[in-house]
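Okay, everyone, thanks for coming. I'll put the model up and then we can walk through the sheet and the pockets.

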Amino acid sequence: MYSLKDIYKDVQTQLRSITPAYYFETDLIITKALKIKRSDLYANPDKILTPSQVRTVNYYLTERLTYKPLPYIFCEREFYGLNFYVDENIFIPRQETEFVVEESLDLIKNNKLKVCADIGTGCGNIAISIVKNIPFYIKMYATDISSDALKVAKKNADRLNVLDKIEFVLSDKLKYFIKNEILLDIIISNPPYITEQEYEKLQPEIYYEPKLALVSNNGIEFYEHFATYAKKILNKDGFIVVEINHNLADEILKIFHNANYKVVKTIKDYQNLPRVMVVKN
């Protein structure tokens, strides 16, 4: 028989070998497996667990010990105060991307922008977070090159009651809008921006995520595409808001400058690194 205290110690000991965040992850695995609050972990440490509860804890632990990211194990990720379904068809949303949402919301509200596009939507976290927090109607497109990713995004839109507020489109970059001559007020994107060289040196958890959503050969492919083609579909005084690779910030800045965009600002993340760039047509 396992007590809560026993299994907590066991999980923590094993996680220590793969992550410096073993305290936090132990709490998370056990609270998720037992469907309890964090405070319950310490309120009754001698509580005896059922065999079913022990199996669930061990299943989560075994998965995590393969370096599988916790969001994939739990099939969920919190982003901008919302709970998103995630699986291995999509890139796991990061906290830093909330800066993209915040900046986009400010631009849409302050400039009364009406037609928006989230390029490379993944699980739909950016588009959904925006439409959930806008007090007036906007036309929101969400595109992805992966049909599997779009299925996840639609599932999240349905779960979060905004399926009727977003038009999901299977498309690469801006091609759908150019082909159909659709004018946009704002283009928003967290595109693949990790270089092939950087990808080879990342932590093992990253390799569970779809490479297509992470890696651009030179890290600047999407920014070059936006700088070249956005002028065909971006309204006068329209905006582009993109998450960027901080190592390539100067190069991305030059790309937009050379294409005659005004770089309005670069926003730094929690590590004080350049993370979001805002440009104006």
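So, strand S7, residues 234-243, and strand S9, residues 274-280, pair in the antiparallel sense over five bridges. If you're looking for a spot to zoom in on, isoleucine 240 stands opposite valine 279 in S9. And just so it's said, this is a predicted model.

Zooming out, that pair belongs to an open sheet of seven strands, and the order is S5-S4-S3-S6-S7-S9-S8, with mixed pairing. At the edges you've got strand S5 (166-170) and strand S8 (262-268); each has a single partner strand, so one side of each is left without a neighbour in the sheet. From one strand to the next, the twist averages 15 degrees.

Now, what packs on the sheet? Helix H6, residues 98-111, does, touching S3, strand S6 (184-189), S7, S8 and S9. The direction of H6 makes about 160 degrees with that of S7. Then there's H12, which lies across S3, S6 and S7 and runs at about 175 degrees to S7.

On to pockets. The largest one holds about 1200 Å³ of space. It's lined by 41 residues, and the closest to its centre are Arg77, Ile92, Arg94, Gln203 and Glu209. H2 gives the most to that lining, with four residues. By type, the lining divides into 19 nonpolar, nine polar and 13 charged.

The second largest pocket has about 490 Å³. Of its 28 lining residues, Gly120, Asp144, Pro192, Leu212 and Ala213 are the closest to the centre. And here H12 comes back: along with strand S3 (115-119), helix H7 (125-132) and H11, helix H12 (221-229) gives two or more residues to the lining.

Technical notes:
Residues are numbered from 1 along each chain as its sequence is written. This is a predicted model: local features need pLDDT of at least 70, side-chain atom pairs count only at pLDDT 80 or more; totals for chains, interfaces and linings use all residues. Side-chain values use heavy atoms; hydrogens and water are left out. On a 1 Å grid over the protein atoms alone, a cavity is a set of points where a 1.4 Å probe fits but cannot get out, and a pocket is an open set with protein on both sides within 12 Å along at least five of seven lines; lining residues have an atom within 4 Å of a point. Grid points are joined across faces, edges and corners, and a volume is the space filled by probe spheres set on the points. Ala, Val, Leu, Ile, Met, Phe, Trp, Tyr, Cys and Pro count as nonpolar, Asp, Glu, Lys and Arg as charged, and the others, Gly among them, as polar. Two strands pair if DSSP finds at least two bridges between them. Axes are lines fitted to C-alpha atoms, for helices over the stretch in contact, and angles run from 0 to 180 degrees between N-to-C directions. Contact means heavy atoms within 4.5 Å.
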